Amino acid sequence: MPEATVKTPGPAAGMRDRIGGAVRWDTAVGALLVVLLLCSFSFVENFGNALNVSFLIGNTLPIALIALPMTMLVVSGEVDLSVGSTVGLSGAVMGALWNQGMAIETIIPICLLLGVVCGLVNGLLVTRLGLPSLAVTIGTMAAYRGIAQIVLGSDSVTDFPFQYLDFGAGRIGDTFIPYAALPFVVLLAIAVVVLHATRFGRSLFAIGASEEAARFSGVRVKRLKLAMFVTTGLLSALTGVFWALHYASARYDNAMGLELSVIAAVLLGGVDFDGGKGTLGGAIAGVFLLGTLQNVMSLLNVSAQSQIVVTGVLLVVSVLAPRIGREIAHARARRRTAAAPPGTPAPPPGARTPVA
Amino acid sequence: MTLTAPPVAEDAPAEGAARRRFIDKVFKARELAVAAVLVLMLLATQLSNTEFLSRQGITDLLLNATILVLVATGQAVVVITRNVDLSVGSVLGISAFAAGNYLQGGGSSLVAVVLAVGLGALFGALNGALVSLGKVPALVVTLGTLYIVRGIDSIWVGSRQITADSLPDGFVDFGHNGIWVVPYLALLAGAVLFCVGYYLRSYRSGREMYALGSSPEAAQLAGIPVRGRIMTAYVLCGALAGLAGALYLARFGNVDSATGSGYELTVVSAVVVGGVAFTGGSGTVYGAALGALLLTSINSVLPAIGVSSVWVTAINGILLLLAIAVDRILALRVAAVLRKQAARMRSARHA
């Protein structure tokens with residue numbers, strides 16, 4: 001949540017994102033992903049074949065898709081917990097309309113529009129009323145899921161047209177690339193450019209670092225945040241359509257709890273929950289690190305329950321480790337200043353570590 | 001919140017006191033509003049379905065609310081310190097199973113309850129340590145422990161299940177009987193609620209929780225042991241979740257590895273509907289308890305007036321949104337009124 005904590009630059013300011021002042025966190029996660037992939041390819045049976053890798057990518061895509069706007073949202077200091085419910089709602093509406101006999105070419109745009117509306121509701125409540133996004137999206141999480149339940153009840157719709165199901169679940173020839181990965185790569189490229197190479201993206205970082213400062217330097221804070229909430233809704237709805245096709249099942253409880261997986265992956269990728277810091281590369285590395293770990297653990301017959309523990313531990317470590325690293329860097333800097341000749345002002349203890 | 005930052009600082013103390021009374025009134029009104037909605041809803045239901053508020057009906061309403069009230073009380077304390085505990089559902093589940101497992105082995109009921117509370121407090125202490133020492137965002141840490149505790153629970157429980165017939169009769173009776181229409185469980189929850197409410201209102205360390213939630217930096221500078229208080233809040237929250245687990249076992253007699261999953265959101269909704277603001281430093285546990293009572297009553301009201309239960313989730317969500325939106329609008333209004341008042345006072349003084 002955006003707290004107006006003053007971030008005083010200390011002598012170790014440049015090391016803020018680094019572990020003990022050496023490696024950037026997102027680079028470390030990326031490296032870890034590469035190491036994990038290499039180990040899995042060489043040591044885990046059945047991991048390396050094209051079919052398994054295509055499963056891995058296909059099953060990770062929903063999280064990856066939502067992680068794109070979620071990263072930007074968290075960078076700007078907000079969060080959206082209603083994404084899982086938006087996925088469920090868009091799937092449920094898709095199923096209900098399909099049961100009504102509507103053509104799928106009309107249904108999909110309607111679902112996407114619905115996602116925009118969901119995002120708009122979140123965004124307007126946050127930006128116009130000034131409510132904390134956490135509280136708002138916990139509310140809309142229940143509301144959207146509830147509407148999905150009202151729309152579709154406990155039905156499950158599975159008889160979507162074959163070519164669409166094939167697009168959702170199939171892969172290109174005998175390669176490891178699912179069809180759906182291609183549009184994702186395009187979206188990823190767009191997101192990377194927008195966040196890291198445009199004025200819009202820089203403004204998001206500015207808002208996350210200090211909303212007030214951003215406003216005074218001419219950033220249209222509310223408009224930008226609203227845009228991000230709407231984008232998140234849109235991509236969640238897209239994911240809902242993909243989910244229903246990929247698993248050939250539209251149910252109201254599709255993607256239950258997905259919001260937690262997305263946030264876990266994004267934070268694991270080094271995006272700071274307080275806003276203002278993070279990279280899309282790191283977030284996507286985090287997403288695929290979790291996805292690959294789950295795939296490998298399933299292949300190694302590790303129970304689903306143990307996988308939950310691993311996810312939780314990784315999440316806690318991913319937020320704890322950078323802070324500990326920072327503390328160490330601080331302590332080192334303090335020692336250095338203490339060793340320096342008197343007159344050099346020592347950084348006040350705990351200057352940049354506001355109360356949790 | 002806006003209310004805790006008075007727009008003008010140079011006012012006379014008497015004026016400040018008057019303003020505080022005004023603000024107090026607004027907040028009292030907040031709890032009164034929840035109570036009024038609750039009463040209206042129950043009366044309206046009673047009118048359309050005369051069986052609703054029968055003796056058994058009231059007992060059921062209270063029984064249903066008990067567990068949520070307990071967890072919401074603990075959660076309210078944590079939210080007042082400007083933190084949150086998402087792991088309560090998992091902690092409730094694992095404590096319920098621990099108590100049930102012990103009772104199945106022939107243990108005594110009292111020890112089982114103590115065991116559940118202790119286990120809950122232990123997980124609370126873990127959360128508290130991570131949040132206060134690690135200085136990491138509470139939402140993220142407790143999201144992590146939500147996974148971890150649920151995972152441990154699932155591994156430990158496996159596909160086992162605890163059923164009512166394997167529990168001692170006394171324990172199960174405790175979960176169902178009561179004095180007149182009030183079940184024992186509700187009495188227990190009421191007593192806990194009152195104790196926590198009294199502590200927060202009248203003890204120094206209780207007041208410090210509010211101070212901490214209003215402004216962590218100011219609290220630290222004022223010499224409040226911030227880490228210790230956060231720790232206390234989490235241990236209390238965990239212990240109450242553990243107690244709620246034991247009561248869950250007594251009430252339903254049925255516990256498996258999925259017990260309590262997804263409960264955290266209901267709890268947070270109850271707390272926020274009851275007027276405990278996410279931004280910390282405001283609200284009371286009584287409000288949270290009223291919120292819990294309101295949410296669980298809706299679950300009973302809808303079937304009683306013939307509305308399908310699929311509406312429950314949506315209504316809960318919309319209620320939560322309404323609660324925070326109304327709160328916010330009210331706060332903005334109050335701030336505007338105070339500003340106007342202060343401006344008038346000032347111009348009167350200068351005239």
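**Helix packing in chain A and its interface with chain B**

In this predicted model, the axes of helix H2 (residues 50–75) of chain A and helix H7 (residues 181–197) of chain A come within 11 Å and cross at roughly 20°.

Me: Are H2(A) and H7(A) roughly parallel or roughly antiparallel?
Reply: The axes of the two helices cross at roughly 20°. Angles under 35 degrees count as roughly parallel. H2(A) is therefore, relative to H7(A), roughly parallel.

Me: What is the handedness of the crossing of H2(A) and H7(A)?
Reply: The axes of these helices come within 11 Å. Their crossing is left-handed.

Me: How many nonpolar residues does the contact of H2(A) with H7(A) have?
Reply: From H2(A), residues including Ile57(A), Leu61(A) and Met72(A) take part, and they meet a set in H7(A) that includes Phe184(A), Leu188(A) and Leu195(A). By class, the contact has no polar and no charged residues, and the number of nonpolar residues is 12.

Me: What percentage of the residues in chain A is buried?
Reply: Chain A holds 13 helices and 2 strands. Of its 356 residues, the buried share is 49%.

Me: Which helix gives the most to the side of chain B that touches chain A?
Reply: On chain B, 44 residues are in contact with 43 residues of chain A. The elements giving two or more residues to this side include helix H4 (109–134), helix H5 (138–157) and helix H13 (311–350) of chain B. This side divides into 28 nonpolar, 12 polar and 4 charged residues. With 14 residues, the helix that gives the most is H5(B).

How values were computed. Residues are numbered from 1 along each chain as its sequence is written. Chains are lettered from A and ligands numbered from 1 in the order in which they are written. This is a predicted model: local features need pLDDT of at least 70, side-chain atom pairs count only at pLDDT 80 or more; totals for chains, interfaces and linings use all residues. Two residues are in contact if their C-beta atoms, placed from the backbone, lie within 7 Å. Helices (H or I, at least four residues) and strands (E, at least two) are DSSP runs, numbered from the N terminus. Ala, Val, Leu, Ile, Met, Phe, Trp, Tyr, Cys and Pro count as nonpolar, Asp, Glu, Lys and Arg as charged, and the others, Gly among them, as polar. A residue is buried if 20 or more other C-beta atoms lie within 10 Å of its own, exposed if 12 or fewer, and partly exposed in between; C-beta atoms are placed from the backbone. Axes are lines fitted to C-alpha atoms, for helices over the stretch in contact, and angles run from 0 to 180 degrees between N-to-C directions. Angles under 35 degrees count as roughly parallel, over 145 as roughly antiparallel, 65 to 115 as roughly perpendicular and the rest as oblique. A crossing is left-handed if the near helix is turned anticlockwise from the far one by less than a right angle, and right-handed if clockwise.
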